[in-house]
Every structure is written in structure tokens, then in C-alpha cells.
Amino acid sequence: MSRLGTLGARLYRGEAGYDFVAKRFLWYGVSILITIIAVAGFFIRGLNMGIEFEGGAVFTTPKTETSVSQAQEVAEEASGHQAIVQELGSGKLRIQVSSIETQQSDKVKTALAEELNVDAKDINDQLVGPSWGEQIANKAWQGLAIFMVLVVIYLAIAFEWRMALAALVALIHDLTITVGVYTIVGFEVTPGTVIGLLTILGYSLYDTVVVFDGLKESTKDITKQTGFTYREAANRSLNGTLVRSINTSVVALLPVAGLLFIGGGVLGGGMLNDIALSLFVGLAAGAYSSIFIATPLVVDFKERDPAIQAHNKRVAARRASDARSAARGEKGPGGHEDGPGAAVEDDDPEDDPRAPQPAGQGVVGPPRGEGRRQQPVSRQRGRGRPSGSRGGRSGGKRR
């Protein structure tokens, strides 16, 4: 078995682990810092909205030797607006000019044809009105809001409202980080970006549900024992699903990284950049939030429950009692040599062969309704002293 597989098995059995929950305030601080940077970038630089949302024209030229800077200069002079030029595969150019009307679009197309020395019919142009982009943006926000509501309802029914609230916070966390990266990098926001955002929300939710399912199973009837607290059970459950979460995240990130760095960077696929960046950042943020944010938040919410607080006090009292017994060299509760915090069931002294028997009595009387049977004499008190009538002797004085 590989080292990773061995580590995963040890984590699942509880033989090894990392206390994620104890360091939750560190993870919270990191997330808050990233969120502040993302929000600041959004208000300072803003998002680079595509023509699908702001309106404008897109020109795709045939193969040409004209440089990107030359094509950008010609488009900006002809339109009077800022132009974005991307070099596509096979020497083609994609020129985008925002907030222009049909007449301006025709003027830019003619100027580009003269600069490239090609026929204007060979330049593919696409004009998008601002009203259509506004409708697309409104539909995207409506779909996002409906998705969030359905997520909360589903998790509240399948698990509980605390887990639903923690999952909602994790999803907002992932969205904020992804939008912040877009503001810093300056990538264009297109319908492909919206598709990528909705995709990462679904993936992040899947990863969170996997972790919550293990948490629900490991904390079932937790108040009926005094061996461990809810926080300890949650941390053990998180360690048990840690390797699975990492493996699924890495497998999902590899093809997305290929789209982003090879398809978008090397081959120059403009649309690939839009969707690949949101997927890459969102998948990484989703894996992080499922492990470091969602489960610690559930623990914080649950520890406000009076039943969990009372259970934690019982566990602490049990461990204090075990520690005092261990300091005196005594056995744990029930006659077992268990360490502090071990879950021990109540034992019946009559069924325990180690339980002391009354002195001077070698035969134990039968229970009601049963025949008389002999029991082993206790080794703790019966050794080295008379234990009953034997050879005309009794437990009293010799005659």
C-alpha cells in the first residue's frame, strides 16, 4: 500500500490526525484577510465586464501578420473607446470594443480591413446590445439566489440547520474569493464565467456534503457516552475524510489547470480563460472551505447548544475522575484499567470474576428460582484464609 493510502487508513481509524478544529481561529483569520482583499479589489478596480453584459462589438479577423498593439490602436482610433485585443490560434485576432453602436461598429470594421489589407467581409463581427447584457446579468443573479435557497433547504432537511448555515457561509466564501481573483487578475467576465461560478458552487457543495455526512454519522447519539466531546468527534470525522477530499480536489483541478495554463495561456483560447480561471480558483477555494471553514463553523454552532454544553461538562468530569483514580494507582470506573476519557459501560459486580466476594464464604447462594451452584472463590480476598466448611471445619472457631 502507498504511503498516502496508509496515512488515509490511519486517519480513518483515528490512529493519526491533525487538530483542525483547535486551530479554527487561524483559518478564520486567513479567510477574513482574503475576503477583505477581494472586497477591496472589487471596489477599487471593479470587474472587467464583457460585452455580453455591457454591450459592444467583437471582431474576429482572419490570419494576419498585424501585431496586437497595431490592431488595438486602429480599433481605438476608429471607435473612440478602449479596445481589448487577444491573439488567437493560427494568427487570428479577436478585437473587442465596448459600448459602441452599429454605425461605429461598421466604421471599426472598415478601418481594420484597411489595416489588415483584407476584405471587410472576411472580418467576422458580432454586435451585442446593452439591454441583452443586462437581462443576462439579472438572470444570473436570480439563478444564484434560487440555488442558495435550495441548498439551505436541502441541507436543513438532510442534516440540520447548523450545517446548512455553515455550508451557506462556505459557499459565499468561495464566491467572494473567486470574484476577488477576477478583480486582481483583470480577466473578462463573460457568460462562461457565470457558468464556471455555478459549477464550482455545485462542486463545493458536494465536497461539503461528503464531510458533513461523515460528521453526522460519527456524532450520532454522542450525548449517550462520556468518552469524547462533539469537537473531538468532529475533528476525527474530518481527518477520516481528509484524504478523500484531497484526492477528489486534485483530480478535479488537474484538467482545469490544463484548460487554464495550456488552453488559455499557450494556445490563446479567450473563452477558455474565462471559464477555466473561475473553475480553478473556485475548486481550490471549495476544497479549502470544506475542510477549514465548514466543519469548524458547525462545531462552533453546536457548542452553543445547551445539550452539547452539558455533555462536554460530563466528559470533563469523567476525565477528571479518571485522572484522580490514575494518580492514586486505582483502576478506572467499573474495575477496568482504562485511561482517561475512555467510554466504559457499567459492569455488574456479580458477573465480574474479579469482583471481591464476602470473606468466609466459599459457596455463593443461588439466585431465586434456580438450583444451587458453586462459584469460583474470589482470588482477591479468599486466598490464604478459610473460605467455607471443608473437612468438618467451619468459618468460625476450631473445635
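## Salt bridges across the fold

Take a salt bridge to be a side-chain nitrogen of Lys or Arg within 4 Å of a carboxyl oxygen of Asp or Glu. This is a predicted model, and by that rule it holds nine salt bridges. One of them pairs K109 with D125, where the closest N and O atoms sit 3.4 Å apart. K109 belongs to helix α5 (residues 102-116) and D125 to strand β5 (residues 124-128), so this pair ties together parts that are 16 residues apart in sequence. The two ends don't share a burial class: K109 has a relative accessible area of 17%, so it counts as buried, while D125 comes in at 30% and is therefore partly exposed.

Another bridge joins the side chains of D221 and K224, at 3.9 Å from N to O. Here D221 is partly exposed, with 44% relative accessibility, and K224 is exposed, at 69%.

## A buried pair in α12, and a network

Now for helix α12 (residues 306-327), home to both D322 and R318, which are four residues apart, or about one turn of the helix. They form a salt bridge too, with the closest N and O atoms 3.0 Å apart. Buried or exposed, what is D322? With a relative accessible area of just 4%, D322 falls under the 20% cut-off, so it is buried. R318 is buried as well, at 12%.

Elsewhere, salt bridges that share partners link up E160, R162, K302 and D305 into one network. As a general point, side chains of opposite charge can pair when their charged atoms come close.

## The nonpolar cores

In soluble globular proteins, nonpolar side chains tend to be buried together. In this model the largest nonpolar core has 44 residues, and the members that touch the most others are F20, L155, M163, F212, L215, Y230 and V298. Which elements give two or more residues to this core? They are α2 (24-44), α6 (130-158), α7, α8 (191-218), α9 (230-240), α10 (242-266) and α11 (270-302).

V298 is a good place to look at the packing. Setting aside neighbours within four places in sequence, V298 is in contact with R162, M163, A166, F212, L215 and Y230. M163, F212, L215 and Y230 also appear among the core residues that touch the most other members. R162, for its part, turns up in the salt-bridge network with E160, K302 and D305.

There is also a second, separate core of 17 residues, with A57, V74, A78 and V97 among them.

## T178 in helix α7

T178 is found in helix α7, which spans residues 161-185. Its relative accessibility is 1%, which is why T178 counts as buried. Its contacts, leaving out neighbours within four places in sequence, are L197, I200, S278, V281 and G282. L197 and I200 fall within the span of α8 (191-218), and S278, V281 and G282 within that of α11 (270-302).

## Q82 in a loop

Q82 makes a handy contrast. This residue lies in the loop between α4 (68-79) and β3 (83-87), and at 62% relative accessibility Q82 counts as exposed. Exposed or not, Q82 has partners beyond its sequence neighbours within four places: E76, Q96, V97 and S98 are in contact with it. Q82 and V97 are 15 residues apart in sequence, yet their C-alpha atoms are 6.4 Å apart in space. V97 is also one of the residues in the second core.

Key. Residues are numbered from 1 along each chain as its sequence is written. This is a predicted model: local features need pLDDT of at least 70, side-chain atom pairs count only at pLDDT 80 or more; totals for chains, interfaces and linings use all residues. Side-chain values use heavy atoms; hydrogens and water are left out. Buried means under 20% relative accessible area, exposed over 50%, partly exposed in between (1.4 Å probe, protein chains only). Contact means heavy atoms within 4.5 Å. A nonpolar core is a set of buried Ala, Val, Leu, Ile, Met, Phe, Trp, Tyr and Cys residues joined through side-chain atoms within 4.5 Å.
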